[in-house]
Amino acid sequence: MSEAEALEEQEANAQPPPPKFEKIFETRAPFDLADELQARVETNEVADTIEELKEDGYGYVRRAGTREFNARLRQTIIRIAHENTPEDRRALGGGANMLLHKDPIFEEVILNPKLLTVAEVMCGKGAMISQIAASIRPKGASAIGLHADQNWTPAPFPLHNQLVTFCWACDEFNEANGSTKVVPKSHLLRRHPTEQETTEEPGAVATECAPGDCVVWDGSTWHSNYPRTTDGERVVLHVTYSRLALRPVESYDFLDEEWLKDKPYELRVLLGREDFLNTPEGAFHHGMKILTTMNWAKS
């Protein structure tokens, strides 16, 4: 290898320089964007998305991916969901979570510049991936209940948003197809819906977008979905990012069940073993622990 070739290889393998350290003494208000972030918003054509989120609590990322990418994503979701769903239950729909390592296409999704830009606006620098899950809803599939994604945060919700969720529509989104249902401006209430509101769903509307677009909402927005009444399937990828702050300083994940054997229940709680968050199985695995977590969080 020549000296010039060696130099080219060294440059190709070089890590990018660390970001310039900037000490910030004041907290920025929501939607008060630094010049660099505002420039990214313009470059990635998500200014309308940010305005929709600010005003209504939800919005759209248009043309998040090409038609070819969307078709590949849809096929990948169906393949993995079928691998996780017994054949005799596929007619009822299906899904999968913990998807990042199951196909490289999910890396492409969560690193999508449009999504990353919106995630930073809504959850700050250093935002983390919270969940990558997929759902398939055929004709007749039921709706979930009205809720806010910050379901493990007590009300009133913080002024600074904690979570942002993107619903990548692999198929056309509308009410008949079982699209996401949202209550515009419910994010301004900064609380969970009441039992009566989950039944009456005041002001709820259907989201509508083309395949390859994303519906996006903040952690305070009340939402559900409509039951699908048309033939075919609604294939969706759900991607949620969260603020970096709510993590423990020390991790004891290396302490296994053998170490915990005969230890007090309270120790399991302190180590996060009795809730559904931050687990290698993801939310789909935990059954009643999901309800336990949400109830504990509101206490």
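Asp171 counts as buried, at 16% relative accessibility, because the limit for a buried residue is under 20% relative accessible area. This value, like the others in this report, comes from a predicted model. Asp171 lies in the loop between β4 (163-169) and β5. Its side chain and that of Arg74 are joined by a polar contact of 2.7 Å. Leaving aside residues up to four places away in sequence, Asp171 touches Arg74, Pro211, Glu233, Arg234 and Val235.

**The chain as a whole**

The chain holds 10 helices and nine strands. Of its 299 residues, 42% are buried. Among contacts between residues at least 6 apart in sequence, 81% join residues at least 24 apart.

**The sheet of six strands**

Six strands form an open sheet with antiparallel pairing, in the order β1-β7-β4-β9-β3-β2. Strands β1 and β2 stand at the edges and have a single partner strand each, so one side of each is left without a neighbour in the sheet. From one strand to the next, the twist averages 20°.

Two helices that pack on this sheet may be described next. Helix α3 touches β1 and β7, and its direction makes about 165° with that of β1. Helix α4 (residues 67-84) touches β2, β3, β4 and β9, and its direction makes about 95° with that of β9.

At one edge, the residues of β1 (residues 58-61) are all buried; Tyr58 and Tyr60 point one way from the strand, whereas Gly59 and Val61 point the other way. Within the antiparallel pairs, Ser135 of β3 stands opposite Gly95 and has Val236 as its bridge partner in β9. Elsewhere, Met128 stands opposite Ser242 in β9.

The table lists antiparallel strand pairs, with the number of bridges and one facing residue pair for each.

| Strand pair | Bridges | Facing residues |
|---|---|---|
| β1 (residues 58-61) and β7 (residues 214-218) | four bridges | Tyr60 and Val215 |
| β2 (residues 94-96) and β3 (residues 128-138) | three bridges | Gly95 and Ser135 |
| β3 (residues 128-138) and β9 (residues 233-242) | 10 bridges | Ser135 and Val236 |
| β5 (residues 180-182) and β6 | two bridges | Val182 and Val205 |

**The sheet of three strands**

A further open sheet has three strands in the order β6-β5-β8, again with antiparallel pairing. Its edges are β6 (205-206) and β8 (223-225); each has a single partner strand, so one side of each is left without a neighbour in the sheet. Strand β5 pairs with β6 over two bridges, and Val182 stands opposite Val205 in β6.

**Helix α6 and its contact with α3**

Helix α6 is mostly covered, with nine of its 11 residues buried. The buried residues are Lys114, Leu115, Thr117, Val118, Ala119, Glu120, Val121, Met122 and Cys123. Charged side-chain types thus appear in this buried set, as Lys114 and Glu120 show.

At the start of α6, a side-chain oxygen of Asn112 reaches to within 2.9 Å of the backbone nitrogen of Lys114. After the helix comes Gly124, whose phi is positive, near 80°.

The axes of α3 (residues 47-56) and α6 (residues 113-123) come within 10 Å and cross at roughly 35°. The crossing of α3 past α6 is right-handed. On the α3 side the contact is made by Thr49, Ile50 and Leu53, and on the α6 side by Val118, Val121 and Met122. By class, this contact has five nonpolar residues, one polar residue and no charged residues. The spacing of such positions can be read against helix geometry: an α-helix has 3.6 residues a turn, so residues three or four places apart point the same way.

**Thr198 in helix α7**

Thr198 is found in helix α7 (residues 195-200). With a relative accessible area of 27%, Thr198 is partly exposed, because partly exposed residues lie between the limits of 20% and 50%. A polar atom of the Thr198 side chain lies 2.6 Å from the backbone oxygen of Glu195. Not counting residues up to four places away in sequence, Thr198 touches Leu146 and Pro193. Thr198 and Ser224 are 26 residues apart in sequence, and their C-alpha atoms are 9.3 Å apart in space.

How values were computed:
Residues are numbered from 1 along each chain as its sequence is written. This is a predicted model: local features need pLDDT of at least 70, side-chain atom pairs count only at pLDDT 80 or more; totals for chains, interfaces and linings use all residues. Side-chain values use heavy atoms; hydrogens and water are left out. Axes are lines fitted to C-alpha atoms, for helices over the stretch in contact, and angles run from 0 to 180 degrees between N-to-C directions. A crossing is left-handed if the near helix is turned anticlockwise from the far one by less than a right angle, and right-handed if clockwise. Contact means heavy atoms within 4.5 Å. Two strands pair if DSSP finds at least two bridges between them. Buried means under 20% relative accessible area, exposed over 50%, partly exposed in between (1.4 Å probe, protein chains only). A polar contact is a pair of N or O atoms within 3.5 Å; within protein, one must be able to donate a hydrogen and the other to accept it, and residues adjacent in sequence count only if both atoms are side-chain atoms.
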